[in-house]
There are 2 protein chains.
Amino acid sequence: MTHYRSAMASSTVEDYLKQILLLSAAGDELVSMGDLATALDVVPGTATTMVKALAAEGLVTHRPRYGVNLTAEGRRVALGVIRRHRLIETFLVNVLKMDWTEVHAEAELLEHAISDTVLDRLDALLGHPAADPHGDPIPTRHGKVDAQVYATLATCLLEKPLRIVRIVDQSPQFLEFAEQSGLRPGELLRVTDRNLAAGLVTVRKGPARAVTLGLAAAGHILVAPER
Amino acid sequence: MTHYRSAMASSTVEDYLKQILLLSAAGDELVSMGDLATALDVVPGTATTMVKALAAEGLVTHRPRYGVNLTAEGRRVALGVIRRHRLIETFLVNVLKMDWTEVHAEAELLEHAISDTVLDRLDALLGHPAADPHGDPIPTRHGKVDAQVYATLATCLLEKPLRIVRIVDQSPQFLEFAEQSGLRPGELLRVTDRNLAAGLVTVRKGPARAVTLGLAAAGHILVAPER
DNA sequence: CGCGTTATTTTGATTAGTCAAAATAAATCT
DNA sequence: AGATTTATTTTGACTAATCAAAATAACGCG
Ligand SMILES: [Mn+2]
Ligand SMILES: [Mn+2]
Ligand SMILES: [Mn+2]
Ligand SMILES: [Mn+2]
């Protein structure tokens, strides 16, 4: 009646590894203890302690005073967690018809509890999706993940037709704003104005509706040129 | 990024409470520390320590040296866990088409990770089932559970037509035996012979197939008179 | 009734994960 | 360069959950 997970990484360890990967932006830059601690909602000393333990397990490399990043093995584990997270989100939205603004918190917990068997069934049921409801790419079972780089509403060309491919912010507040403003993955729009000094970006969907948002927010919406 | 559950009971606490309920056979008999420890796969001293802590929290009443049972609040929590467990099993079999012999272990973990929101969606998707794939009754959202008492293949009348309503043993070994022998919930059969001295029961489905099983095993298969 | 067997409880330790606060190192600013 | 600010690490302490092994209580039998 005790529970486990393949080759045993606790959900705490899984969350640390996942967060290190996400904060290093799928790249190899060092993640600071401060950022890691904030993301995991622990005090910095806790992050330091945990990172040293992960380093001793060979899951991360730690440059004291500078930061941490993943070993190949740590990355493998992290990608597994991210795959589970994103497939679960997709299931919750596509099958259970939940709101895409609220599924992140659910997946945060379920990602540690679902077996490979169940995950594979889910993946098949969903038709092996390439991205989750936020447009986040879903790693394959073998840890391949689409690393394509996109422009954002803060950096793209003006007046060109664009399609939203991804929202890079999991907070319900931001997602609800996006939902309300019609800024969902898949939507078509163009940026009609960008004022760097004022930090404002204006976008339009068709001739009608115009939405103005701050540069930081605009930077969280990834787009690809359309047609 | 830390995780939680409504009014916070750890998965360990949830498993203790659930197991106490299951071992007291939905009744009010005291559960011994030995049985509880065995069910939870811990040493008896651990069960004692935990039960004292649960008693301090008002979730159980402990009669030292005799046993433990649930308070109303402990029972409420336990029924919630059991509801989640059984709805998850039903989902895994009915939607993901997993084998009814293997879903118990999956549910053992997922039961602690699923929110009320997701559970309600699942319940609706499944059409508010009254029982899980093993025939175990699913408590309602308000903690009502079908307490009907059934005969078993070890106690029922001979030669009467019967329908299997429930298998009271979660072990994959037993369930695979049941599956192989065609002894699934819903199946029709009759007991053609019972030898108490030898401890053997023989059942037949139609005129064809006869299966012989031991008394203990027969006692794990609950049946209702048919027609 | 007393003695041995068996179950339960207690005691002392251990591990994972955490925090508060002090110590230290690095970065930044005169 | 020296002083100040900021980030990181260390230290000491705590909680939840567990085990091994010793102590104790209840049971069951002659
Ligand atoms: Mn998580
Ligand atoms: Mn997502
Ligand atoms: Mn469980
Ligand atoms: Mn069941």
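The following exchange concerns a predicted model and the grounds for several of its descriptions.

Colleague: What makes A:Glu89, A:Asp132, A:His134 and A:Asp136 donors of the manganese ion (ligand 2)?

Modeller: Donors are N, O and S atoms within 2.8 Å of the metal. The atoms concerned are OE of A:Glu89, OD of A:Asp132, ND1 of A:His134 and OD of A:Asp136, and they lie 2.2 to 2.5 Å from the manganese ion (ligand 2). These atoms therefore meet the cut-off.

Colleague: How are the donor residues of the manganese ion (ligand 2) spaced in sequence? Which spacing applies?

Modeller: The spacing reads E-x42-D-x1-H-x1-D.

Colleague: Why is A:Asp132 counted as buried?

Modeller: Buried means under 20% relative accessible area. A:Asp132 has 6% relative accessibility, so the term applies.

Colleague: Why does A:Asp136 count as buried?

Modeller: A:Asp136 stands at 2% relative accessibility, and is therefore placed under the 20% limit.

Colleague: How do you know that β6 and β7 of chain B pair?

Modeller: Two strands pair if there are at least two bridges between them. Strand β6 (residues 200-204) of chain B is joined to β7(B) by five bridges, so the condition is met. The two strands run antiparallel, and B:Val203 has B:Val211 in β7(B) as its bridge partner.

Colleague: What makes β3 and β7 of chain B edge strands?

Modeller: The open sheet of six strands in chain B follows the order β3-β8-β4-β5-β6-β7, with antiparallel pairing. Strands β3 (151-152) and β7 (210-214) of chain B each have a single partner strand, so one side of each lacks a neighbour in the sheet.

Terms used. Residues numbered from 1 in each chain as written. Chains lettered and ligands numbered in written order. Predicted model: local features only at pLDDT ≥ 70, side-chain atom pairs only at ≥ 80, totals over all residues. Heavy atoms only, no water. Donors = N, O, S within 2.8 Å, 3.2 Å for Na, K, Ca; no water. Buried < 20%, exposed > 50% of the residue type's maximum accessible area, 1.4 Å probe, protein only. Helix = DSSP H or I, 4+ residues; strand = E, 2+ residues; numbered from the N terminus.
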